[in-house]
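Please look through the structure below, paying attention to where its chains meet. The text after it explains that contact and then turns to a single residue.

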Amino acid sequence: MIFKIAFRSIFRNTRRSLMTISTVTVGTVAALVFGSYVVYILLGLQTGTVRGGGHLTVYRKGYFLYGAGNPAAYGIEGYDALLKLIREDPVIAPRLAVATPVQAIAGIAGNFANDTSKPFFGTGFVPSDRDQMRQWDVYKFGTPKEGLGLSDADLSRGVIGIGLGRILGFCEVLKIQDCPPPPVIQRQGSARPPAKAPEFLADLAQRDRPKGAAASGNAEPRIDLLAATVGGAPNIVTLSIAKTAAQGIKEVDDSYVGMNLKLAQQLLYGRGVPKVTGIVLQLHRTEDTGFVRQRLVFLFGEDHLDLEVRDFEELNPYFVQVTAFMSSILLFIAVIIGIVVLFTVTNTVGMSVAERTAEIGTTRAMGLRRRGIRWQFLAEGWLLGLIGTTAGVLLAAAIVFTVNHSGLMWLPPGQAQPTPLRMDLFTRKALVVATWLGLMAVATVSAYWPANRAAKLPIVDALRHV
Amino acid sequence: MRHEFTTAAGLPPEPDAAAAGLSPGGACVVRLTDVVKTYKVGSVSVPALNGVGFGIARNSLSMIVGPSGSGKTTLLNIIGCLDTPTSGKLEVNGEDVATLTDNALSDFRARNVGFIFQNFNLIPVLSAFENVEYPLLMLGQKAAQRRSAALEILDAVGLADLRDRRPNELSGGQKQRVAIARALVKKPQFVLADEPTANLDSQNGAAIVALMRQMQVQLQTTFIVSTHDPQLMTHAEETFRIRDGKLVNHVSGGAES
């Protein structure tokens with residue numbers, strides 16, 4: 001009977017109740033649409049991060065803090081055995097998608113035919129593993145149609161950032177967009193032409209050039225990569241540019257070189273024992289990251305290995321910052337929506353109490369306890385919330401469906417390629433349920449103050465009310 | 001027989017009470033002893049009842065009459081346990097209700113007291129049937145039991161055919177019939193009716209009076225009615241006249257002159 005009276009009572013003043021329900025509906029839609037947009041951004045960012053660098057990376061101890069200055073000094077020897085240990089561990093194996101070695105490297109990239117060079121930093125990786133990592137798509141964003149175009153057997157080919165390609169003068173041959181002719185720079189105090197690269201470097205590059213590449217008459221542009229070996233001697237290799245790959249951040253885009261792991265090892269270790277900077281682990285599910293990390297720490301401790309494990313959030317502070325930023329905006333909006341709903345429902349139920357004071361007196365006279373009156377008006381607040389939030393969920397679903405099928409494109413933060421604008425609502429049951437229950441709870445709690453006031457009314461005063 | 005009360009000091013003498021059919025113990029369903037009610041308006045105390053005392057016989061139709069502002073409604077509120085006296089005692093079935101908590105008083109009213117209001121006070125969003133069924137919910141009765149009792153009493157007041165109508169679809173007389181059915185459906189110890197014919201035309205008023213009388217006899221229930229409707233007073237078995245918060249006259253049987 002409480003709900004029958006509550007339901008019918010909220011439609012005694014239809015316009016007022018519909019306004020209140022509309023407010024709750026709009027609040028629910030705002031929270032869900034923005035929430036699903038935020039979730040989409042964060043999951044997209046996570047997908048991009050995990051595709052590029054996996055969930056976990058195993059380093060030599062100290063590399064994370066000091067290794068960038070001298071990657072070679074922190075190399076992991078005997079990494080094949082380490083890979084075997086990880087891949088064959090019965091706890092990790094079922095959770096593991098890819099475990100692959102990587103080598104960080106830094107040096108100078110030069111297109112000596114064009115008299116241009118640029119400091120680079122890069123990564124040596126196993127191309128097939130990297131292609132497999134790029135297929136990680138737990139959140140159904142779609143996978144890249146093309147791989148990197150590299151093969152494990154061909155050491156000579158690699159990829160560079162679009163910016164680096166532009167700087168090194170490969171606009172035409174690599175079909176780089178937004179690539180106007182560079183302005184002519186007058187050099188002050190000297191009319192001499194820029195110095196040519198030392199001939200010994202070119203000879204060195206020619207000598208180390210893989211035989212297959214020279215024989216095949218490969219028409220791809222080439223760059224020479226100069227780096228210092230572990231022993232401190234200069235070393236140089238030639239890299240054919242298979243393609244450019246946008247990196248999303250200009251500083252990275254202007255400096256990135258990706259190459260076959262073996263080439264990077266050749267450049268850094270020469271004829272010495274090859275090592276790697278780290279072992280990247282990509283898991284099937286992000287939720288397993290903490291568990292697998294604990295297992296790795298346990299295994300390394302058991303085998304007395306001088307290794308440490310870092311997760312993708314530690315390695316990408318940007319990811320954590322964006323997550324915190326978007327989450328704080330979502331929380332801020334949710335709080336504002338909650339306050340608006342609170343005031344609106346309080347006002348509506350308060351008006352209802354004022355209009356039905358005589359009815360309150362009558363039911364109290366008939367024997368309804370104060371608690372019964374309180375529940376009566378709480379039920380009205382709850383019903384306003386139920387109708388408003390349910391309508392809001394349905395409307396938000398319709399909006400999200402429309403947007404997801406509209407074909408709009410956009411460039412998410414930290415991504416290099418435009419992607420379809422989508423909102424992730426339908427798979428986010430927790431977001432929907434939390435919003436639905438949360439705003440319904442706010443509406444119910446909002447009714448508490450007027451309900452309590454109604455419950456405390458003296459019966460004779462209430463009956464006297466006209 | 002007429003009993004004059006020149007003081008406001010309590011019950012009538014025993015012989016008179018006996019003569020009036022009011023035995024001092026169990027025969028009274030309601031007994032008031034030296035009831036005082038004072039309202040505070042700011043710093044001013046306004047007396048509404050000033051030492052009222054009498055008993056109301058079980059299964060009687062008693063009238064409380066008096067001019068406006070005499071304290072009739074205050075007295076009815078106290079008898080109905082809607083308000084508490086400033087001093088004095090109210091006993092219902094020999095039980096001092098002053099000792100009851102707010103929840104216990106609510107339960108007490110739910111079981112023992114039926115109300116009929118001048119303005120009908122039906123719940124507008126409920127049908128006639130639902131309005132009548134409502135008091136039974138508070139008694140925790142099962143749906144089938146509630147339905148049967150509500151239909152029976154609606155039939156008794158002649159509204160079985162209109163049971164699905166909302167109050168705004170009923171005439172004043174029909175509304176008051178629903179209110180009477182609502183008051184009686186739980187078979188209370190007594191029914192309090194505050195000016196039940198005041199908002200009705202004479203024809204409907206007479207019909208309502210006749211119905212109340214009929215139901216009172218049929219169901220053997222005590223009716224305590226406040227009124228200044230002469231037509232209603234003719235049905236009184238006992239009449240208590242109040243003036244300036246004091247009981248000034250008690251007539252047992254027939255109309256007071």
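What follows covers the interface first and one leucine second.

The model is predicted, and the values here are computed from it. Chain B gives 27 residues to the contact and chain A gives 21 residues. Between them the two chains bury about 2,200 Å², with 61% of that area on carbon and sulfur atoms.

Charged and polar pairs also cross this interface. There are 5 salt bridges between chain B and chain A. One of these joins B:D102 to A:R364, where the closest N and O atoms lie 3.3 Å apart. For polar contacts, the count across the interface is 10 residue pairs, both residues of each pair being at pLDDT 80 or more. On the side of chain B that touches chain A, two or more residues come from each of the helices α3 (102-112) and α4 (128-138) of chain B. Sorted by class, that side of chain B has 13 nonpolar residues, 9 charged residues and 5 polar residues.

Helix α3 of chain B also holds B:L105. Is this leucine, B:L105, buried or exposed? B:L105 counts as buried because its relative accessibility is 12%, and the cut-off for buried is under 20%. Leaving aside residues up to four places away in sequence, B:L105 touches B:C81, B:V97 and B:L100. B:Q216, by comparison, is 111 residues from B:L105 in sequence, and the C-alpha atoms of B:L105 and B:Q216 are 24 Å apart in space.

Definitions and conventions. Residues numbered from 1 in each chain as written. Chains lettered and ligands numbered in written order. Predicted model: local features only at pLDDT ≥ 70, side-chain atom pairs only at ≥ 80, totals over all residues. Heavy atoms only, no water. Contact = heavy atoms within 4.5 Å. Buried area = accessible area lost by both parts, 1.4 Å probe. Salt bridge = Lys/Arg side-chain N within 4 Å of Asp/Glu carboxyl O. Polar contact = N/O pair within 3.5 Å; in protein donor to acceptor, adjacent residues only side chain to side chain. Helix = DSSP H or I, 4+ residues; strand = E, 2+ residues; numbered from the N terminus. Nonpolar A, V, L, I, M, F, W, Y, C, P; charged D, E, K, R; others polar. Buried < 20%, exposed > 50% of the residue type's maximum accessible area, 1.4 Å probe, protein only.
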